[in-house]
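Welcome! Have a look at the sequence and the structure below, and then we will walk through some of their features together.

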Amino acid sequence: MACAVTCPVWHCFGINKKPRFRVRAERLDGNDLSVVSTDGVSVKETTVPVVVGRGYLVDGGNGSLKSRIEERMGGEELELLWDDGYGTNTVKDYVNAAKDMIKPDGGPPRWFCPVECGRPIKDSPLLLFLPGLDGVGMGLILHHKPLGKVFEVQCLHIPVHDRTPFEGLVTLVEETVRLEHASRLNCPIYLVGDSLGGCLALAVAARNPSIDLVMILVNPATSLGRSRLQPFLPILEAFPDGLHVRTIPFLLSLVIGEPLKMAEVGVEGSLLPKQKIERISSNLTALLPFYSGLADILPTETLIWKLKLIKSASAYANSRLHAVKAEVLVLASDKDHLFPSGEEALRLKKLLPNCMIRIFKDNGHTLLMEDGMNLLTVIKGTCKYRRSKSHDFTKDFLPPSMSEYRYTFNNVDIFCPWNCRFLNFASCSSLFSTMENGKIVKGLAGVPDEGPVLLVGNHMLLGMDLSSLCEAFLREKKILVRGVAHPELFWGNFHTSSNVFNFFDLMKVMGAMPVSPKSLLKALSTNSHVLLYPGGAREALHRKVRLRFRLYPMEPSLNLQSGCKHVFDCVSTGEAYKLFWPNQPEFVRFAAQFGATIVPFGAVGEDDMAKVVFDYYDYMKIPMLNDRIKELIRSGGVQIRDKAKGEVASQEIFIPGMIPKIPGRFYYLFGKPIKLKGREDLVENRESANEVYLQAKAEVERCIGYLLKKREEDPFR
């Protein structure tokens, strides 16, 4: 039987868009359609006519066809603290969308683009969402708005009564991936696979190792063999349908995630306890339709079919893991009652060559619809967002959104040692700056608003000064300070061994980049405010106060009277607020190349927060710890300044033992700016550059001395 349908195709399938071209879909045989454009391009694809739903549009054809025919258009660039819309959608919106999409239409699986994703920024990569058991394709509804700003989002919809085998789904996704890859060879394609979709993504990656794929697997179903579902699969296949009535409620209960985490979506952490309880209670009540509607999304026959589909998908994906060469990020829930996702993430990390994992300890199986996991934030924090073959910390950087700012600086987990909200509240930082006339004023008025600006100063213990400083610039001047950090946090053992989304991931979200001449030059070239600590890890991990005994010969006159020939002297030495700067004035030459302004600053207050009692020298005295630290450095630690000499070359990463104190106050003083505009001669003249370097270093020491003296007069210290 043959039929023909003519329909307009809109750019991004949005609303109020004029059709750019028309396509004609002809049914040739079975379920296969040939899509022919007015330009004579023919694409063999499984497709149905465009279906318009409420709040979204469903593409019946190849959802990414428009990107190959019409010119790509990009939206405006993102501003600092942009509104990403995260938290405005909840599980209730998922239920409302699913009610429309589960209506039977007789069509096969298809791609659709949610209208609320909007228009992405220029050169945004394609993101294909592969759904889990439900198959609706709306599992990203909490993340549509933020993801839609930086990705071309398309979601796979598998109708409730569709019975396409797993190999057929793999072919559908594979054809779309290959078509997209042919149009943009240097741009990655993102596959976000949830549960069953995780197996689908792995299968496509294994069959296409030469295509640049970035896979984000959310509680993948590859662990089916060790899940609580495994004992029920033979029973469901062997016994009559009457037994299913008793097993279906139990199976549905496993699919449901953590209700409390679902209810916490959109509830700000800064609310008062009473307000939070009221909001969460209201959201829990709104979740009731989700549980009652789950039986409509997954009726008995469909659920049994999906379980069989997962069985074949898991076997197919596991048998081809050795062929997966793509970049992989596994997001796993520790409270997943359906699969042992935490254990599976660790297994995949060992088996896949380019795999990183992040485990969320308080979330359930429906991780993408629960609080505490903004998918875009996780992608940015793990440095997985890129628009070319490799990640560029300058070109691929996305400014933090307002929700990310709130999450970073309003985090209430007081058990986190780098908790920004607790640290800022406890330290009650006081900031001062120096005007051009030398007057010291409260606030940041003396720091230039226009970049490029290079902030150079001393590093306090464990970098405790970072949070207050960056938050002050955002709050007072609406300026993002991009700090350069030790490469160990990006590529070394410290980065790869971390399995939870932590403070250091948030540092990358807020603009941190690895310290290197290339990073510094690129940041300055974009007129950014860059934060540099020349002392590096040696200053941030300085040694504890030690008593040193010195032996002096006694003067002859005193010797005759006392009969002693020598005298002992006890000196207390510490490294707090001591600078460990290298002798090379390279940052001055970099700043002069772009006419940047150098702003030296000093920071004090660490000695009012904690006391170091166990430092690097103590570690080295313990044979087992000594060998372990050296082994980690040899096996994968990132070394910097390996050609330097003296204390500045000691950049080992370790956690010192500390005793906390009753929190004191942090003090910052930004010295008089050193303008280098028009000083291009410093790039070649090292002697002149060294003079500016010593001037900046002396200004930092002056700021530290000034603060140490003035804080004694502060009644609120």
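In strand E22, Phe601 is the bridge partner of Gly457. This link belongs to a parallel pairing of E16 with E22 (residues 597–604), made over five bridges. Keep in mind as you explore that this is a predicted model. E16 also pairs in the parallel sense with strand E19 (residues 529–532), over four bridges, and there Val456 has Leu532 as its bridge partner.

Is strand E16 mostly covered or exposed? Five of the five residues in E16 (residues 453–457) are buried, so the strand is mostly covered. In a regular strand, side chains alternate between the two faces of the sheet. Along E16, Val453, Leu455 and Gly457 point one way while Leu454 and Val456 point the other way, and all are buried.

Now for the nonpolar interior. The largest nonpolar core has 102 residues, and those with the most contacts inside it include Phe151, Met215 and Leu375. Helix H5 (residues 196–207) gives this core its largest share, nine residues. Apart from this core lies another one of 70 residues, among them Val453, Leu489, Ala512 and Ile674. Back in the largest core, Met215 touches, among others beyond four places away in sequence, Leu191, Ala201, Val324 and Glu327.

Charged side chains come next: the structure holds 26 salt bridges. Here are three of them.

| Salt bridge | Closest N to O distance |
|---|---|
| Asp212 and Arg386 | 2.8 Å |
| Arg475 and Glu471 | 3.1 Å |
| Glu586 and Arg589 | 2.8 Å |

Asp212 lies in the loop between H5 and strand E11 (213–218), and Arg386 in the loop between helix H13 (375–381) and helix H14 (402–409), so their salt bridge ties together parts that are 174 residues apart in sequence. Both Asp212 and Arg386 are buried.

Arg475 and Glu471 are four residues apart in helix H16 (residues 465–477), so about one helical turn separates them. Arg475 is partly exposed, with a relative accessible area of 48%, whereas Glu471 is buried at 13%.

Glu586 and Arg589 sit three residues apart in helix H22 (residues 586–593), about one turn of the helix. Glu586 counts as partly exposed because its relative accessibility is 23%, while Arg589, at 16%, counts as buried. Elsewhere, salt bridges that share partners join Asp212, Glu327, Lys384 and Arg386 into one network.

How many disulfides does a search of the whole structure find? The search finds zero. As for individual cysteines, Cys187 is buried at 7% relative accessibility, and Cys383 is buried at 16%.

Notes: Residues numbered from 1 in each chain as written. Predicted model: local features only at pLDDT ≥ 70, side-chain atom pairs only at ≥ 80, totals over all residues. Heavy atoms only, no water. Core = buried A, V, L, I, M, F, W, Y, C linked by side-chain atoms within 4.5 Å. Buried < 20%, exposed > 50% of the residue type's maximum accessible area, 1.4 Å probe, protein only. Helix = DSSP H or I, 4+ residues; strand = E, 2+ residues; numbered from the N terminus. Contact = heavy atoms within 4.5 Å. Pairing = 2+ DSSP bridges. Disulfide = S-S within 2.5 Å. Salt bridge = Lys/Arg side-chain N within 4 Å of Asp/Glu carboxyl O.
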